[in-house]
Amino acid sequence: MISFGATQVILALFFAELGYSDSRIGLFFTLTLAGDVFVGILLTLVADRVGRRRVLWMGSALMIASGLVFAYCENFWLLLVAAIVGVVSTMGGDFGPFRAIEESILSQLTTPQTRPDVLAWYVTISTWGSSVGSEISGRTVQALSVQRQWSLVNSYHILFLGYAIMGLVNAGMMLLLSDACEVDSAPSSYKQVAQADEADDDSAIELDDHNLPPETPYKRTPSALPVPTSEGSWLSKWFSAISGPTRSIMYRLWFLLAADSVADGMVPYTYCNYFLDQNSHPLKSTLGDITSISYLLAAMSSVFAGPLSRRIGLINTMVFTHVPSSAAVLLFGLSSTLWINVILLFIRAGLNNMDQAPRAAFIAAVVKPEERTAVMGITSTIRTMAAMIGPSITGLLASGDRFWLAFTVAGALRLAYDFGLYAMFVNMKLHKHEQTPANAEVTAERRVSMGDEGSGGNTTHV
């Protein structure tokens, strides 16, 4: 995330310095996100079979390759190919083909009680890394371009070389991950309460181990996951790995997340930097400071997402923290004063990430454990596909001197997502597929009831 934060400050500025138009910059962002969709689909389909650690290591290798191309090339189409095939962050840490795998690993390694806190710290540490990277980026460009009289383009090239080096470090760290990250290593003692695929009532709970003999220990295996057949498209195979009740929930959430992602795609932080640079012309070091503080505020606020979600609920946390952030986005483009826009950016960034950990925890709480990788992969893909529409829209608006309108439209879409999320999911029951204290009581009562029925049946026959 340090490397992603470093490139967030300069990516749009890099292409502008090379002389490319705003519409072409928007096209680059859109096609890069399209590449993320393709890579995300491919990785989600093979991650659990090939190995999650191996897939993450491959991502580090792609990161190295794309960083080297950006460090030594200036041709638009070569850079575009490197961004599509490789790994270049255009939207920040909330998007990308590998986040779904990381969240799936963390969800597997945690319990329902600890998951919100762990995911919150995951977001916090990631955002803190982006903050450090942004500060390094701004200071490096300022030092090279002013003190050493380098051109801005060459200064940007140095940062991309550092991006490739960080990819090498990341690849080494992937080798330290243990077998516990893989889907087959899920602890057998971690019991689940399964939901019948044909059940009409979302609150129905069905035990899938009551037919086992007493001496057979309960064991969670991937066999509960529907096995895709060789017939049909990759899309049908992908969705066949998700049960009907889960799809009925996720269809609604995916629609709302798509609207939110279009908004995020229209106004990522790199476009905010570009907007500030065009309207107020701050020093590059000042721009780096602003971005770094934004990420630092986001990291600090993310710490409180876990405790807050336990106190007021996952959906309430997602909505109540996201609404002020969305309002700040809506107002951002209406002011041409630097300090006002900086305050609005701080409000947006300070509250924006507080919905990420609760969202991942919410998805993990409403789907079966063996469906998480597929569901999170589809969620990431849908969000990225929706986000890829945004940069081109903003690029066209910026080319027509209506850059400010992108922020207004994006803020309105984000607010629609917030209110829709609250209306659809605020009363939904969670953790129906996991062994929580409440579900444990239901499980015990049902086993006692089944035992009584079995005893009664034997007495009748006697």
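## Starting at Met166

Let's begin with Met166, which sits in helix α7. This is a predicted model, and in it Met166 is partly exposed, at a relative accessible area of 31%. The cut-offs explain the label: buried means under 20% and exposed means over 50%, so a residue at 31% falls in between.

Met166 also belongs to a nonpolar patch on the surface, along with Ile2, Ile136, Ile165, Val169, Met173 and Leu176. Together these residues offer about 630 Å² of accessible area. Helix α7, which covers residues 152-174, gives the patch its largest share, with four residues.

## The chain as a whole

Stepping back for a moment, the protein chain is built with 19 helices and zero strands. It has 462 residues, and 53% of them are buried. The exposed area comes to about 19,700 Å², with carbon and sulfur atoms supplying 65% of it.

Contacts along the chain are worth a look too. Take those with a separation of 6 or more: 84% of them are between residues 24 or more positions apart.

## Helix α5 and its partner α6

Helix α5 runs over residues 99-109, and helix α6 over residues 115-147. Packed helix pairs are described by the angle between their axes and the distance between the axes. For α5 and α6, the axes come within 10 Å and cross at roughly 145 degrees. The crossing is right-handed. On the α5 side, the residues that meet α6 are Arg99, Glu102, Glu103, Leu106 and Ser107. Their counterparts in α6 are Arg115, Val118, Leu119, Tyr122 and Val123.

How many of the 11 residues of α5 are buried? Nine are, so the helix is largely enclosed by the rest of the structure. The buried set takes in charged and polar names as well as nonpolar ones: Arg99, Ala100, Ile101, Glu103, Ser104, Ile105, Leu106, Ser107 and Gln108.

## A second pair: α10 and α18

Helix α10 (residues 269-280) pairs up with helix α18 (residues 403-425). Their axes come within 11 Å and cross at roughly 140 degrees, and this crossing is left-handed. From α10, the contact uses Tyr271, Cys272, Tyr274, Phe275 and Gln278. From α18, Phe403, Trp404 and Phe407 take part.

## Two residues in helix α11

Helix α11 spans residues 284-302, and Ser285 lies in it. Is Ser285 buried or exposed? It counts as buried, because its relative accessibility is 8%, below the 20% cut-off. Setting aside neighbours within four places in sequence, Ser285 is in contact with Gly138, Arg139 and Gln142.

Leu297 is found in α11 as well, but this residue is partly exposed, with a relative accessible area of 30%. Again leaving out neighbours within four places in sequence, Leu297 touches Phe346 and Gly350. Its C-alpha atom is separated by 8.8 Å from that of Ser131, although their positions lie 166 residues apart along the chain.

## Other long-range pairs

Ala180 has its place in the loop between α7 and α8, the latter being residues 234-240. With a relative accessible area of 30%, Ala180 is partly exposed. Its C-alpha atom is 7.5 Å from the C-alpha atom of Leu109, and the two residues are 71 residues apart along the chain.

Ile389 lies in helix α17, which covers residues 389-399. At 45% relative accessibility, Ile389 counts as partly exposed. Which residue is 126 residues away along the chain, with its C-alpha atom separated by 9.2 Å from that of Ile389? That residue is Ala263.

## Two loop residues with positive phi

Gln149 is in the loop between α6 and α7. Its phi is near 60 degrees, a positive value in a residue other than glycine. Gln149 is exposed, with a relative accessible area of 64%.

His281 sits in the loop between α10 and α11. Here phi is near 50 degrees, again positive in a residue other than glycine. At 60% relative accessibility, His281 counts as exposed, since the cut-off for that label is over 50%.

Definitions and conventions: Residues numbered from 1 in each chain as written. Predicted model: local features only at pLDDT ≥ 70, side-chain atom pairs only at ≥ 80, totals over all residues. Heavy atoms only, no water. Patch = residues over 30% accessible without salt bridge, like charges linked within 9 Å, V, L, I, M, F, W, Y side chains within 5 Å. Areas by Shrake-Rupley, 256 points an atom, 1.4 Å probe, with all protein chains shown as cover. Salt bridge = Lys/Arg side-chain N within 4 Å of Asp/Glu carboxyl O. Buried < 20%, exposed > 50% of the residue type's maximum accessible area, 1.4 Å probe, protein only. Axes fitted to C-alpha atoms, helices over the stretch in contact; angles between N-to-C directions. Left-handed = near helix turned anticlockwise from the far one by under 90°. Contact = heavy atoms within 4.5 Å.
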